[in-house]
Amino acid sequence: RRLEPVPVADGVVHVKIGSRHGEIVTVAPEFEDCRAIAERSGRPVREIMAEATRSWHEQRRGPD
């Protein structure tokens, strides 16, 4: 497993990347990062978690 920082509207969330045999099998935002941003911003934790996941996928894909 490894952690990668990704930007969200109100800060940065670390995303846990799990891989097996060189293939990515899980992508999960760090809950405590999301909770802290939710407390500061007043946004729901689930919204921030979804945004972090989208942001990670967009970074992997690169610019269109």
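These legends walk through several close-ups of one predicted model.

Local features are described where pLDDT is at least 70 and side-chain atom pairs count only at pLDDT 80 or more, while totals for chains, interfaces and linings use all residues. Residues are numbered from 1 along each chain as its sequence is written, and side-chain values use heavy atoms, with hydrogens and water left out.

**View 1. The whole chain, end to end.**
Start with the parts list: the chain has 2 helices and 3 strands. Here helices (H or I, at least four residues) and strands (E, at least two) are DSSP runs, numbered from the N terminus. Follow the sequence and you meet them in the pattern β-β-β-α-α. The C-alpha trace spans about 40 × 30 × 15 Å along its principal axes. The radius of gyration of the chain is 12 Å, which agrees with the value near 11 Å for a compact globule of 64 residues. That radius is taken over C-alpha atoms, and the globule rule is 2.2 Å times the number of residues to the power 0.38. Of the 64 residues, 27% are buried. Buried means under 20% relative accessible area, exposed means over 50%, and partly exposed is in between (1.4 Å probe, protein chains only).

**View 2. The sheet and its helices.**
Strands of a sheet pair through backbone hydrogen bonds, either parallel or antiparallel. In this model, 3 strands make an open sheet in the order β1-β2-β3, with antiparallel pairing. The edges are β1 and β3 (23-29), each pairing on one side only. On average, neighbouring strands of this sheet are turned by 35° against each other, direction ignored. Two strands count as paired if DSSP finds at least two bridges between them, and β2 and β3 are joined by 6. Along this pair, Arg20 stands opposite Glu23 in β3. Now add the helices: α1 packs on the sheet, touching β1, β2 and β3, and its direction makes about 160° with that of β2. Helix α2 also packs on the sheet, touching β1, β2 and β3, and its direction makes about 105° with that of β1. For these angles, axes are lines fitted to C-alpha atoms, for helices over the stretch in contact, and angles run from 0 to 180 degrees between N-to-C directions.

**View 3. Inside the nonpolar core.**
What makes up the largest nonpolar core? It has 11 residues: Val6, Val8, Val13, Val15, Ile17, Cys34, Ile37, Ala38, Ile48, Ala52 and Trp56. Strands β1 (2-8) and β2 (11-20) and helices α1 (31-41) and α2 (45-61) each supply at least two residues of this core. A nonpolar core is a set of buried Ala, Val, Leu, Ile, Met, Phe, Trp, Tyr and Cys residues joined through side-chain atoms within 4.5 Å. Zoom in on Trp56: leaving aside neighbours within four places in sequence, Trp56 is in contact (heavy atoms within 4.5 Å) with Glu4, Val6, Val15, Ile17, Ile24 and Val27.

**View 4. Ser19 and its surroundings.**
Find Ser19 in strand β2. Is Ser19 buried or partly exposed? With a relative accessible area of 43%, Ser19 is partly exposed. Not counting residues up to four places away in sequence, Ser19 touches Ile24 and Val25. The C-alpha atoms of Ser19 and Arg2 are separated by 8.7 Å, though these residues are 17 apart along the chain.

**View 5. Two salt bridges, Glu30–Lys16 and Glu32–Arg35.**
Side chains of opposite charge can pair when their charged atoms come close. A salt bridge here is a side-chain nitrogen of Lys or Arg within 4 Å of a carboxyl oxygen of Asp or Glu, and the count comes to 7. In one of them, the side chains of Glu30 and Lys16 meet at 3.8 Å, N to O. Glu30 lies in the loop between β3 and α1 and Lys16 in strand β2, so the pair ties together parts that are 14 residues apart in sequence. Glu30 is partly exposed, at 23% relative accessible area, and Lys16 is partly exposed too, at 24%. Glu32 and Arg35 also form a salt bridge, with their closest N and O atoms 2.7 Å apart. Both lie in helix α1, 3 residues apart, about one turn of the helix.

**View 6. A salt-bridge network around Arg43.**
Glu51 and Arg43 form a salt bridge, with the closest N and O atoms 2.5 Å apart. Are these two buried or exposed? Both Glu51 and Arg43 are buried. Asp10, Arg43, Glu47 and Glu51 are linked in a network of salt bridges.
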